[in-house]
Amino acid sequence: MTITDLPRTAAPDDPVSYAQTAVSGAPEFVSRAPGFVSETDKRNPITSGSDRLTTALSVAAVIGGPLIGAIGFAMSYSTLAKKALSWGFSQDLAPWFPVGVDASIIVFLALDLYLIRKDTPWPLLRMAAHVMTFATIWFNASSQGRITDDPVRAASHGVMPFLFVIGVEAARRLFIKKTQLEAGTATDRIPFHRWVLAPFATPRFYRRMRLHDVTSYPEMIRRQQELTGYEQWLKRKYNGDLSKASEDERLPMKMAAHGYTVAQALAMPEQQEREAEKRAEEAERRRLDAETRREVALKRAEADRLEADGELEAVRARVEGKTAQARAQAKAQANAAERASEVEEQALETTLVAEARARQAEADHKAAQAREAKAEADLRTAELERQAARKRKEAAEADQVAAAEAQAIETQTIAEAREAAAEANRRAAETQRAAAETQRATAEANRKTVEEERRQEVALADIARAKKEAAEAERAAAETRRAVAEIEARAAEADAAAKLTPRQRSVRRVARMALAAGLVPDGLAYDDIHRRLCELVSIADVQLAADVSSTDTASKYRQEAAVLLADGYRP
């Protein structure tokens, strides 16, 4: 092996990946390399002779142990029973005293072994058993008086309980070892000669074994050898300067204090990189899962919204169908009301004309009466004037007669004539006043006639204006119908040229109906276009235009027409 070659016990350049495990449960490639045979196995080959010896020793232990225990218990029982009598126990209780003391030792040790078997040891039970053992030895040793007076005699009485306890402890040790071997937790002991030959390094060696739960002494030796060999290989590689080594190359020396082998320490960077990659992959997977769940939630929400829109449209279609029926009924009623109103207007117009004519006739009649009254007044005035003239003539003649009589004295006839003249003047004044009243009544009748004629002219002007407006509206409607017919004809030709299906043609027809009704879709979103289209074109209109009977189909036609208009359709 050259200086730069990797030692056999170190990790290879391309180490095999292994999962990091506890040191005590290290995989076989760490604890036992392929073909590895420990020095202990070489020095202690298992033979059939040793098996026979082990069997013989086991039989001797099984037979001798209970025998020694029985002898020790018998001697202890006799001695402690007598000692109990001397201590004041009664004849009935004295025999039970040694049974309680020795049985407590057996019970405590049995409980300790049972708890160890269940992997829940309790050290207090073993301490209690040892205390009772010491008490038994003390009681037996002191049963023959003071121990210092005759130590040999005291030891002879205390040795049998001690031997019994030794046998029980040996059985306990064997039982614990068997349990550890079955559970795989048996721990090798460090040989005594190592403690003697390496008194300073062995405690650290023991600490590492116990601290990192390394149960095999040969395995710990192998780890120490691998670490020492790897450190020497690094020193040779870098001419004794370990500071030149990389952090990854110095990992075995750093991680040895934490229970890692050379191979495990060298495999750590790659293993940690794989773990980091796994964590990154897991985080990416969680992120993708979250995005997928979010997209699924959004799609579900969109599906729910579309379903709700469909239900809303169905309800709206039903409501609009009912509304269309109600509108049709209301429209029919309105048409009937309009026709009735037209009839009433015609009747009213006829009545107004008749009334106007009657008023005109009455005015003419009053005017004729006024003219007759005026003529009569003129006749009366002329007659009065004639009478007045005659009276004046008579008065003049009387004056002449009176003058002829030499104007001497006024006679009674002259006075009467004067009175008659005064009366004639009074009557002439009354006649003039009556003529003035008649002229005023005639002027009032003429004024009323003029006002009535003016009202008739206004009514005739209103009727003429209404007829003109109706004619203009009819002409505008005709123009609109003509334009719509032209647009419809051009759209039908375009649809035929485009070879559209009947459904597509119906949808386009609904869109043209909305445009003809005044819908301006430019700059509006789909929702606004659909709302305006629903306001301008009812379900009944769609059913009539598309020749369909289903309100749901008509509602879908309106939705598709709104989409078509939103996409820029203009005929």
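**Helix packing and nonpolar cores in the C-terminal helices**

The largest nonpolar core holds 19 residues, and L533, Y557 and L565 are the ones that touch the most other members. Four elements each give two or more residues to this core: α13, α14 (526-536), α15 and α16. Helix α16 supplies the largest share, with 5 residues. These features, like those that follow, come from a predicted model.

It is worth pausing at L533. Leaving aside residues up to four places away in sequence, L533 touches V510, A514, L519, R558, A561, A562 and L565. One of these partners, L565, is itself among the three residues that touch the most other members of the core. A second core of 9 residues lies separate from this one, and Y230, L234, Y238 and A256 are included in that second set.

The packing of the helices can be followed pair by pair, beginning with α13 and α15. Helix α13 spans residues 502-516 and helix α15 spans residues 539-546; the two pack at an angle of about 130°, and their axes are 10 Å apart. Because angles from 65 to 115 degrees count as roughly perpendicular and those over 145 as roughly antiparallel, this angle makes α13 oblique to α15. The crossing of α13 past α15 is right-handed. On the α13 side, the contact is formed by S506, R509, V510 and M513, which meet D541, V542, A545 and A546 of α15. By class, the residues of this contact comprise 5 nonpolar, 1 polar and 2 charged. V510 thus appears twice in this account, as a residue of α13 that takes part in the meeting with α15 and as a contact of L533.

Helix α15 also packs against helix α16 (residues 551-566), here at an angle of about 90° and with the axes 9 Å apart. The two helices are therefore roughly perpendicular to each other. From α15, the residues involved are I539, V542, Q543 and A546, while α16 brings T551, A554, S555, Y557 and R558. This contact divides into 5 nonpolar, 3 polar and 1 charged residues. Y557, listed here on the α16 side, is another of the residues that touch the most other members of the largest core. On α15, V542 and A546 take part in the contact with α13 and also in the contact with α16.

Turning to the protein as a whole, the model contains 16 helices and 0 strands. Of its 571 residues, 25% are buried. Among contacts with a separation of 6 or more, 59% join residues 24 or more positions apart.

Terms used:
Residues numbered from 1 in each chain as written. Predicted model: local features only at pLDDT ≥ 70, side-chain atom pairs only at ≥ 80, totals over all residues. Heavy atoms only, no water. Axes fitted to C-alpha atoms, helices over the stretch in contact; angles between N-to-C directions. Parallel < 35°, antiparallel > 145°, perpendicular 65-115°, else oblique. Left-handed = near helix turned anticlockwise from the far one by under 90°. Contact = heavy atoms within 4.5 Å. Nonpolar A, V, L, I, M, F, W, Y, C, P; charged D, E, K, R; others polar. Core = buried A, V, L, I, M, F, W, Y, C linked by side-chain atoms within 4.5 Å. Buried < 20%, exposed > 50% of the residue type's maximum accessible area, 1.4 Å probe, protein only.
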